[in-house]
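Student: I have a structure open and would like to go through it by question and answer. Can we start with how its helices pack?

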Amino acid sequence: MSQDTHTTTTDQLTLQDPVKRYPSISPPAEALPGTGLDAEMTPKADLGEKSYRGTGRLEGRKALITGGDSGIGAATAIAFAREGADVAITYLPEEDQDAQNVAEIIRESGRTVATIPGDLRDKAFTKKLVDEAVKALGGLDILVNNGGKQVATESFDKIDDEQLEATFDINILAMFRLVRTALPHLKPGSSIINTTSIQAYQPSPTLLDYASTKAAINNFTKGLAEALAPQGIRVNAVAPGPIWTPLQPSGGQLPEDLPEFGKATGLGRAGQPTELAPAYVFLASPESSYVIGETLNVNGGMPTP
Ligand code: NAD
Ligand code: MG
């Protein structure tokens, strides 16, 4: 069977067998260089370029998505645009090639897009990022905190200080800073969505730094949701299971684990980024007005508390 996931002629609203919607991939046991590019993935991931159909659920909304260049963030950006939102994406400068590809797809969907490269570890950039997004979009009412770092190590003692601090900085500290900076712009009806992980509940021995940040994100999401609900700002999280994105083959998994990636789920296959997008759309849209402090698991069938 071809491992190209782009060949689908259906969309996310077509009734189909979730086991067979995408092939069960067996990625090569090889690491991608750096933090990984969607453009270099084998097999290619489905960001919904051809398979996500909008139904007008985010008309006129203005969204900032961190890590919007690739993987889950890119699929969310494409879905938001198809649903009628204008979108700003931020990402590491070395991933600009992926970002420009996503920007082109958003423009083809008839929406405004801003591409804002920078490092989420840089405090000054956090402020510049919000200012630039607000300026480009004419406001802000959706913030998706999705950018993240995941590096697998053979054993716990191989997690050095540099990796430990970078993982906490990017995955959780940046969320605090970005919410604080964005808050003055968020009017009642706005939505904040944080990307957490199955790792918050089922930490892998190879990912203890990463898994700890995801547990922190779950807690932060619930607390922030309570704090901001009286202002009419809803906060929720999405917890992906194993999703085929550049994060995984660029050090997120040990290379020898890649061929089996996602096979332990109920569906027996890894998820594709676009399969996450409807969860973000739902939590961003006014239709989820009474959903607050929730974690929506999208994991192909892995029991969670
Ligand atoms: P991805 O590599 O496509 O996206 C992560 C993005 O984060 C990168 O594109 C990069 O631009 C951005 N980023 C990383 N470090 C940064 C920094 N210092 N400054 C600015 N941006 C930075 O991978 P993805 O899997 O789509 O990851 C998105 C989110 O999903 C992450 O929070 C990840 O932890 C989470 N997640 C992924 C999986 C999975 O199986 N892929 C499972 C659970 C949770
Ligand atoms: Mg990327």
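Student: With which handedness does α4 pass α5?
Tutor: This is a predicted model, and the answer comes from its atoms. Helix α5 covers residues 208–228, and its axis is 9 Å from that of α4. The crossing in which α4 passes α5 is right-handed.

Student: Are α4 and α5 roughly parallel or roughly antiparallel?
Tutor: The two helices pack at an angle of about 15°. Angles under 35 degrees count as roughly parallel. Therefore the term for α4 and α5 is roughly parallel.

Student: How many nonpolar residues does the contact of α4 with α5 have?
Tutor: On the α4 side the residues include Leu164, Phe168, Ile172 and Phe176, and on the α5 side they include Tyr210, Ile217, Phe220 and Leu224. Polar residues number 5 and charged residues 2. The nonpolar count is 11.

Student: Which term describes how α3 lies to α4?
Tutor: Helix α3 (residues 123–137) and helix α4 (residues 161–182) have axes 9 Å apart and an angle of about 40°. That angle makes α3 to α4 oblique.

Student: Which residues of α4 make the contact with α3?
Tutor: α3 passes α4 in a right-handed crossing. From α3, the contact uses Lys123, Thr126, Lys127, Leu129 and Val130. From α4, it uses Arg177, Leu178, Thr181 and Ala182.

Student: Which residues coordinate the magnesium ion (ligand 2)?
Tutor: The donor residues follow the spacing D-S-x24-E in sequence. Their donor atoms are OD, OG and OE, at 2.0 to 2.1 Å. In that order, the residues are Asp69, Ser70 and Glu95.

Student: How many residues apart in sequence are the parts that Asp69 and Glu95 tie together?
Tutor: Asp69 is in the loop between β1 (62–66) and α1 (71–82). Glu95 is in the loop between β2 (86–91) and α2 (96–108). The pair therefore ties together parts whose separation in residues is 26.

Student: Is Glu95 buried or exposed?
Tutor: Buried means under 20% relative accessible area. Asp69 has a value of 2%, so Asp69 is buried. Glu95 has 8%, so Glu95 is also buried.

Student: In which strand is Thr90, and which helix residues does Thr90 touch?
Tutor: Thr90 has a relative accessibility of 2% and so counts as buried. Thr90 is placed in strand β2. Leaving aside neighbours within four places in sequence, its contacts include Ile65, Asp69 and Ile116. Among the contacts are also two residues that follow Ile116 in the chain, Phe125 and Leu129.

Student: Is Gln150 buried or exposed?
Tutor: Gln150 sits in the loop between β4 (142–145) and α4. Not counting residues up to four places away in sequence, Gln150 touches residues including Leu207, Tyr210 and Leu247. With a relative accessible area of 6%, Gln150 is buried.

Student: What distance separates the C-alpha atoms of Gln272 and Leu228?
Tutor: Gln272 belongs to the loop between α6 (248–252) and α7 (277–284). Gln272 and Leu228 are 44 residues apart along the chain. Their C-alpha atoms are separated by 32 Å.

Student: Is the peptide bond from Thr42 to Pro43 cis or trans?
Tutor: Most peptide bonds are trans. Pro43 lies in the segment before β1. The bond from Thr42 to Pro43 has omega near -5° and is cis.

Key
Residues are numbered from 1 along each chain as its sequence is written. Chains are lettered from A and ligands numbered from 1 in the order in which they are written. This is a predicted model: local features need pLDDT of at least 70, side-chain atom pairs count only at pLDDT 80 or more; totals for chains, interfaces and linings use all residues. Side-chain values use heavy atoms; hydrogens and water are left out. Axes are lines fitted to C-alpha atoms, for helices over the stretch in contact, and angles run from 0 to 180 degrees between N-to-C directions. Helices (H or I, at least four residues) and strands (E, at least two) are DSSP runs, numbered from the N terminus. Angles under 35 degrees count as roughly parallel, over 145 as roughly antiparallel, 65 to 115 as roughly perpendicular and the rest as oblique. A crossing is left-handed if the near helix is turned anticlockwise from the far one by less than a right angle, and right-handed if clockwise. Contact means heavy atoms within 4.5 Å. Donors are N, O and S atoms within 2.8 Å of the metal (3.2 Å for Na, K and Ca); water is not among the atoms, so sites may look incomplete. Buried means under 20% relative accessible area, exposed over 50%, partly exposed in between (1.4 Å probe, protein chains only). Ala, Val, Leu, Ile, Met, Phe, Trp, Tyr, Cys and Pro count as nonpolar, Asp, Glu, Lys and Arg as charged, and the others, Gly among them, as polar.
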